[in-house]
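Visitor: I am new to this structure and would like a close look at one part of it, with its surroundings described step by step. Could you begin with a single residue and then lead me outward to the sheets and helices?

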Amino acid sequence: MEFATFADRAGTIDAEPADLEIVAHVRDLLADAEGEIEVVARFVQGRVFPAWDSTTLDIGPSACYEAIARAAGQNVGSDDVEERLADVGEIGDVAASYEFGGQQGLGAFTGGGDAGGNGDDLTVREVADTLAELAAAEGSGSHDRKVDLLFGLFNRASSEEARYLARLVLSEMRIGVGEGTVRDAIAAAFEVPEDRVERALQVSNDYGRVARIARDEGVTGLDAMDLAVGRPVQAMLAQAGTVTDALEEWDEAAVERKYDGARIQLHYDPAGMDDGDGSTVETRVFSRNMEEVTDALPEVVEFAEETLEAPAILDGEVVAVDDDGSPLPFQEVLKRFRRKHDVAKAREDVSVRPVFFDCLHADGEDLLEDPLTTRHDRLRSVLVDSGADGDAGDAVADEDIEGLSLLWTTDDPDEIESIDADALEAGHEGIMLKDPESTYSPGRRGKHWRKRKPDVETIDCIVTGAEWGEGRRATFLGTFELAVRAGDEFETVGNVATGITDEKLAELTELLEPHIAAEEGQEVDLEPAVVFEVGYEEIQSSPTYSSGYALRFPRFQGVRYDKDPDDADSLERLERLHGR
Ligand code: AMP
């Protein structure tokens with residue numbers, strides 16, 4: 001396909017406001033793309049390389065301005081291009097505002113000098129090949145080489161070709177074609193169901209290949225596409241959500257700690273895979289954006305090579321840890337994450353540890369369509385000491401399996417509260433709530449994974465009662481009754497029980513014991529004296545408490561030593577918060 005044809009079609013799409021019409025134009029473009037379908041399916045999205053490929057053109061805007069200026073003529077400099085850009089605001093319009101062609105120099109050898117291209121038209125393939133060559137240029141002189149190559153292209157481009165060439169080079173296609181558009185267009189062009197195209201895209205992360213296979217092999221070809229170890233998959237993402245939502249929507253919730261680190265996807269194959277530069281490696285690690293981070297994280301590579309035995313793709317988080325293995329804040333991971341130089345030295349300062357929470361592929365089997373709990377079981381068996389046989393593996397406690405995220409499945413809000421409290425106590429970010437039945441949907445920020453929202457608001461409540469604990473906690477007061485001010489009275493709003501460590505309970509008991517007004521069995525009435533700051537998910541109307549309201553999932557945040565009961569929050573404020 002000639003690049004002029006592509007540019008012309010891109011122009012039509014650019015001018016089209018209606019989404020459905022855009023899909024129809026992309027459909028026709030793909031149907032006409034012939035041997036260049038893979039490139040066209042990428043170019044139309046403004047991509048030069050497949051989504052899984054971390055290759056970049058590695059060229060800044062200024063190099064692009066330089067190439068445009070050179071192709072535009074002797075009297076034009078990069079500063080002219082920048083000035084026009086400041087006026088016009090968009091590089092495509094700027095590129096289209098010049099007349100190219102006829103410039104001598106390298107362009108002459110690469111076919112320059114033929115504006116609009118009579119008999120020497122640029123093809124989509126040539127543009128793709130030249131951009132691949134440009135991406136590959138590295139080392140000294142690579143900047144000049146890249147500018148020369150781009151100049152060669154602009155010098156042969158018409159205004160419209162230049163418009164889309166410039167946008168492509170700077171990854172700003174802006175013609176309203178997103179991933180969903182291309183998915184629908186592939187389905188429409190080759191009469192294959194959208195969901196099968198979607199699945200093929202999820203496993204391959206390659207719009208070009210999926211378009212070609214849909215055309216040449218139909219549904220059978222699409223269904224035969226699998227994950228490939230070594231080729232990253234888009235990460236499944238989480239939404240913010242509450243315990244209430246999770247327990248309302250699912251029978252049970254899978255609860256995990258939310259590790260405060262950086263997302264990683266580990267690819268391991270003992271038989272080796274191409275590292276992208278022609279060498280063979282056993283392990284590759286990718287970031288959430290599918291950039292390669294293998295060299296920055298030797299601990300993860302060592303972990304994989306010591307622990308794993310068969311090909312696997314694992315999803316997890318890399319966290320920075322102190323000498324005892326306790327998690328350090330996220331900022332510490334960043335010091336390591338994309339580091340290219342002096343990795344060994346950086347490792348001495350901050351070491352990292354992987355924790356995996358999902359398994360997308362194990363020993364030849366793709367698991368994306370299996371439920372979360374099955375995938376987690378597979379993860380467990382992949383990570384369990386490979387020396388142990390199946391039975392022995394079962395006997396190992398999850399806590400003792402290095403690199404395995406712990407997962408609880410429960411419908412009990414109190415249990416979720418205490419997992420949350422323990423997670424926070426241990427220095428994690430909180431908890432994740434996941435639908436135990438859900439499949440792995442790459443790239444989706446769906447409802448199946450929820451990060452528990454931090455409490456947006458807290459209220460200061462007076463502690464008006466408590467209960468003596470049981471067993472190990474018999475000497476501690478726990479289950480604190482909370483109240484708000486209503487004139488001179490105190491009206492109850494709920495109890496806070498979970499989320500408090502033994503150490504803290506001892507401290508609270510010492511603080512509250514002098515205020516015990518009456519006792520009956522384990523129950524204790526307290527004079528209003530102590531104020532707790534309490535977080536919650538929501539405020540509900542409720543007949544259970546005297547205020548007429550109940551706090552859903554109250555969480556103890558701390559004692560307000562600076563406040564007396566008179567300074568605690570009022571029923572009025574509770575009403576206001578409820579009404580929001
Ligand atoms: P956020 O970045 O705030 O949208 O939260 C989602 C991120 O939390 C994910 O992309 C992961 O990097 C991270 N994360 C930490 N622990 C988990 C876990 N147990 N399950 C899933 N994601 C987790």
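**From one glutamate outward**

Guide: E467 counts as partly exposed, because its relative accessibility is 29%, a value that is neither under the 20% that would make a residue buried nor over the 50% that would make it exposed. Please keep in mind throughout that this is a predicted model. E467 has its place in strand 11, which covers residues 458-468. Leaving aside neighbours within four places in sequence, E467 is in contact with F476, L477, G478, T479, Q522 and E523. Although L433 is 34 residues from E467 along the chain, the C-alpha atoms of the two are separated by 30 Å.

Two of those contacts, F476 and L477, lead on to T509, which touches both of them as well as W468 and T475, again leaving aside neighbours within four places in sequence. T509 is found in helix 21, residues 502-512, and at 4% relative accessibility T509 counts as buried. The side chain of T509 also reaches the backbone nitrogen of L477, at 3.0 Å.

From here we can turn to L433, the distant residue in the comparison with E467, and to the sheet that includes strand 9, residues 430-434. That open sheet has five strands in the order 1-10-9-2-8, and its pairing is mixed. Strand 1 (237-241) and strand 8 (407-410) stand at the edges with a single partner strand each, so one side of each is left without a neighbour in the sheet. From one strand to the next, the twist averages 35°. Strand 1 runs parallel to strand 10, residues 445-452, and four bridges join the two; within strand 10, K451 stands opposite A240. Helix 20, residues 413-425, packs on this sheet and touches strand 2, strand 8, strand 9 and strand 10, its direction making about 140° with that of strand 9. Helix 18, residues 372-383, lies across strand 2, strand 8 and strand 9, and runs at about 150° to strand 8.

A second open sheet, also of five strands, has the order 4-3-5-6-7 with antiparallel pairing. Here strand 4 (280-287) and strand 7 (365-366) are at the edges, and each has a single partner strand, so one side of each lacks a neighbour in the sheet. Strand 7 is joined by two bridges to strand 6, residues 351-362, and the two run antiparallel, with A362 standing opposite E365 in strand 7. Helix 18 appears again at this sheet, where it touches strand 5, strand 6 and strand 7, and its direction makes about 125° with that of strand 6. Helix 15, residues 298-307, lies across strand 3, strand 4, strand 5 and strand 6, running at about 130° to strand 4.

Within strand 3, residues 262-274, there is one residue worth pausing over, D269. D269 is buried yet has no salt bridge, and R284, the nearest side chain of opposite charge, is 11 Å away. A polar atom of the D269 side chain does lie 2.9 Å from the backbone nitrogen of A271. Not counting residues up to four places away in sequence, D269 touches V229, V281, E282 and P311.

Note on methods. Residues are numbered from 1 along each chain as its sequence is written. This is a predicted model: local features need pLDDT of at least 70, side-chain atom pairs count only at pLDDT 80 or more; totals for chains, interfaces and linings use all residues. Side-chain values use heavy atoms; hydrogens and water are left out. Buried means under 20% relative accessible area, exposed over 50%, partly exposed in between (1.4 Å probe, protein chains only). Lys and Arg count as positive and Asp and Glu as negative; His and the chain ends are not counted. A salt bridge is a side-chain nitrogen of Lys or Arg within 4 Å of a carboxyl oxygen of Asp or Glu. A polar contact is a pair of N or O atoms within 3.5 Å; within protein, one must be able to donate a hydrogen and the other to accept it, and residues adjacent in sequence count only if both atoms are side-chain atoms. Contact means heavy atoms within 4.5 Å. Two strands pair if DSSP finds at least two bridges between them. Axes are lines fitted to C-alpha atoms, for helices over the stretch in contact, and angles run from 0 to 180 degrees between N-to-C directions.
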